[in-house]
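Dear colleague,

I am passing a structure on to you, and below it you will find notes on what came out of going through it. Please have it open while you read, since the notes go from one detail outwards.

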Amino acid sequence: MSTIKTFVGTRLTKSMLSLWAILIVLFVITGLVDHYFFTVPSIGVTFQLAVPLGLLAAGQTICMLTGGIDLSIAMIATGAAFIVSIKSPSGLGMALLYAFLFCVLIGTINGLAVGLLGMNPLIMTLGMNAVLIGVFTVGITTFLKGSSTMPDIIIKLSTATIIDPLSWPLVLWLLIGSAVLFLLTKSGLGRLIYAVGDNATAARLAGVRVWKVQLAAYILCSLFGGLAGLMIGGQSGAVSMSLADSLVLPSVAAVVIGGTSIMGGIGGYTGSIMGTLILTVLSYLLATLNSSEAVKQMIYGSIVLALAWTYSKLTEKS
Amino acid sequence: MKLSNKRSTAIFAAVSVVSLMVTMAGVVTPANAAATYKIGVSNNWAGNAWREEMVCAIKAEATLSGKVAKVTVLSRNTDSAGQSADVRSLITQGVNAIIINSGDSSANNPAIAEAVAAGIKVIAVDNSITAPNTTLVSNDQVAYGAAGAEALAKAMNYKGNILYMRGISGAGADTDRNTGFRSVIKKYPNLHVTKEVFTGWDWTKGGQLANQLLAPGKFQGVWTSGIDYPVVQAMQTRLKGKYIPVVGADNNKFVGMTASLASKGFVGIIVPNPAIVGGAALKVAIDALDGKSVAAKNLLHPVALTYAKNKALIDSLYFAAQDANFSSTVALKGYTTFTPAQLFRCRAPQDDPETTS
């Protein structure tokens, strides 16, 4: 275990520098293209809009460290937002409880299928994603009818500025981010997550109940997804089927750019935070450019690929 | 229960439909002499509030017309192949008219041609189709773009930067609205579209874009293709409540904000895009089945509304009990006859009449 930790440690210092360099370059380019970007409120907003992706990336980091992935995370986010939207008239507390239970339920199904039944996480969560799309498509005209806006308190918590550029979502992210970092680096579960991702068989032979670790990972991932969904709903003021659709690829990309191995066992949340910030500035930059949507998509995809590739090359050498 | 329903519709049949059946033999199924028209609906986007309301308008108007025995709705998220299959399914079910909101302007043409050949009246609603011998009932989208742009230009004193938030790149309605919008904006040299984005007609994406793009002093006005209230919401935080004019549609929440925020200096410009155009399509379908002459294109002409000029009308368009994205126009003069309550009930002629008041 200690060899893994030192290995991760040396990688992080070098790669961290390159991530910072990429972020600063993107930051400067965006500022040159759009002079409104270099104002304190604008930087505050950019950070604020990064929070949902940061939360999704937290869930994805935990999953990917165990060697898994959660592609149903966007629909879990959408589901949580739908539930809070439809249940909030009968009390915010109950609404949040229902959303929490929903996330735990989906996370449990994903976790048990992967951990106990040995299903491929890619197939399992993609299937879950399709099932949830179906359920919500039916639901939007029946049991979810009328769920289109978020309660005011969530809108405030997702957008309200304390003092520019510090906002409530950013404070929330700082707290949750610290908790995730603590979980992964200092807690027993964190060590088990790395161990399972590094070599599940070895972990099992060492007496680790691998399926329990995987179950915990998918439930945590699901909960982060739900929280992100509420924040996206709060920030945009509206809930819809495609709420978090556009964040599935970025949630995986942020983790990969941040240096977490898709095979598991290597990486951490610090890198994912950097990945999140890079992708958020990149999406701001692309939103500022006056080019067609198709061109923007191509630029975005190419840059993500280039980043992931360069990054893996860079870290290979060290 | 079904008997009494048939008995009541039989009265209508006696006065109007039976005589029609003589003249239009072959259109109405002869085996079921007492029954009246069967209407099929094909909708390629389920789970969308606007489309659901469109379908309800068809059902409500069909029930009130007294001339329709059954409305068959095939509504699902599907591609052109799926929608063509739905159209063919409606043909085999023996409907007299098909009201179609088509996902593609030409991909369903072969199936539609089969329907036309079978003597079925085909009415395209909302989205136009290129198939011959069909009738279009829709909002005039070019006029929609122009009306909003003209009102926005005026609200901006004919100068400043516009955030231009379109729908889906390549969609028929988006292209038409752009034509209307551009034709107005180019008249005013001091108006500049400094930012053009596509919301994909998605509420969440529209809100995210508005949050990302709005900054104090950056824009003096916003034109949206109907994704309106999240933009106003973003202004409350991004512009610290210093509102700039926004063009939106007759979405319930936007209508409400236009009224309630007027005192705080917000100028909301409402250009209706009524979902109940479905009711108008039903009326046109019945006219066609009745043998009346119908125009190939039946367009609604949207007019821009502002709270300064149309206070009473805008107040009447807000329904506190309805959803945020409920399309607030509940009557189309000359086309629809239902009351708001009848529209909300969403009852087709064949449904259990118990709830009828």
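**A strand of chain B and its surroundings**

Within β3(B), Ile98(B) is the residue that serves as bridge partner to Gly40(B). Before going further, please keep in mind that this is a predicted model.

The bridge just named belongs to a pairing between strand β1 (residues 37-43) of chain B and β3(B), which run in the parallel sense and are joined over five bridges. Ile98(B) also stands opposite Val122(B), a residue of β4(B), and here again the pairing is parallel, with β3(B) and strand β4 (residues 121-125) of chain B linked over four bridges. The path between these last two strands involves a helix, as β3(B), helix α4 (residues 109-117) of chain B and β4(B) make a right-handed β-α-β unit.

How many of the five residues of strand β3 of chain B are buried? Five of the five, in residues 97-101, are buried, so the strand is largely enclosed by the rest of the structure. In a regular strand, side chains alternate between the two faces of the sheet. In β3(B), Ala97(B), Ile99(B) and Asn101(B) point one way, whereas Ile98(B) and Ile100(B) point the other way, and all of them are buried.

**Chain A as a whole**

Turning to the other chain, chain A contains 13 helices and two strands, and its C-alpha trace spans about 50 × 50 × 35 Å along its principal axes. The radius of gyration of chain A is 19 Å, which agrees with the value near 20 Å that a compact globule of 318 residues would have. Of the 318 residues in chain A, 47% are buried. When one considers the contacts in chain A between residues at least 6 apart in sequence, 77% of them join residues that are at least 24 apart.

**Where the two chains meet**

Between the chains, 29 residues of chain A are in contact with 30 residues of chain B. On the side of chain A that touches chain B, α2 (40-65), α10 (210-236) and α12 (269-288) of chain A each supply at least two residues, and the largest share, four residues, comes from α2(A). Sorted by class, that side of chain A has twelve nonpolar, 16 polar and one charged residues.

With kind regards

Note on methods. Residues are numbered from 1 along each chain as its sequence is written. Chains are lettered from A and ligands numbered from 1 in the order in which they are written. This is a predicted model: local features need pLDDT of at least 70, side-chain atom pairs count only at pLDDT 80 or more; totals for chains, interfaces and linings use all residues. Two residues are in contact if their C-beta atoms, placed from the backbone, lie within 7 Å. Ala, Val, Leu, Ile, Met, Phe, Trp, Tyr, Cys and Pro count as nonpolar, Asp, Glu, Lys and Arg as charged, and the others, Gly among them, as polar. The radius of gyration is taken over C-alpha atoms; the globule rule is 2.2 Å times the number of residues to the power 0.38. A residue is buried if 20 or more other C-beta atoms lie within 10 Å of its own, exposed if 12 or fewer, and partly exposed in between; C-beta atoms are placed from the backbone. Two strands pair if DSSP finds at least two bridges between them. A crossover is right-handed if, with the strands pointing away from the viewer, the path from the first strand over the helix to the second runs clockwise.
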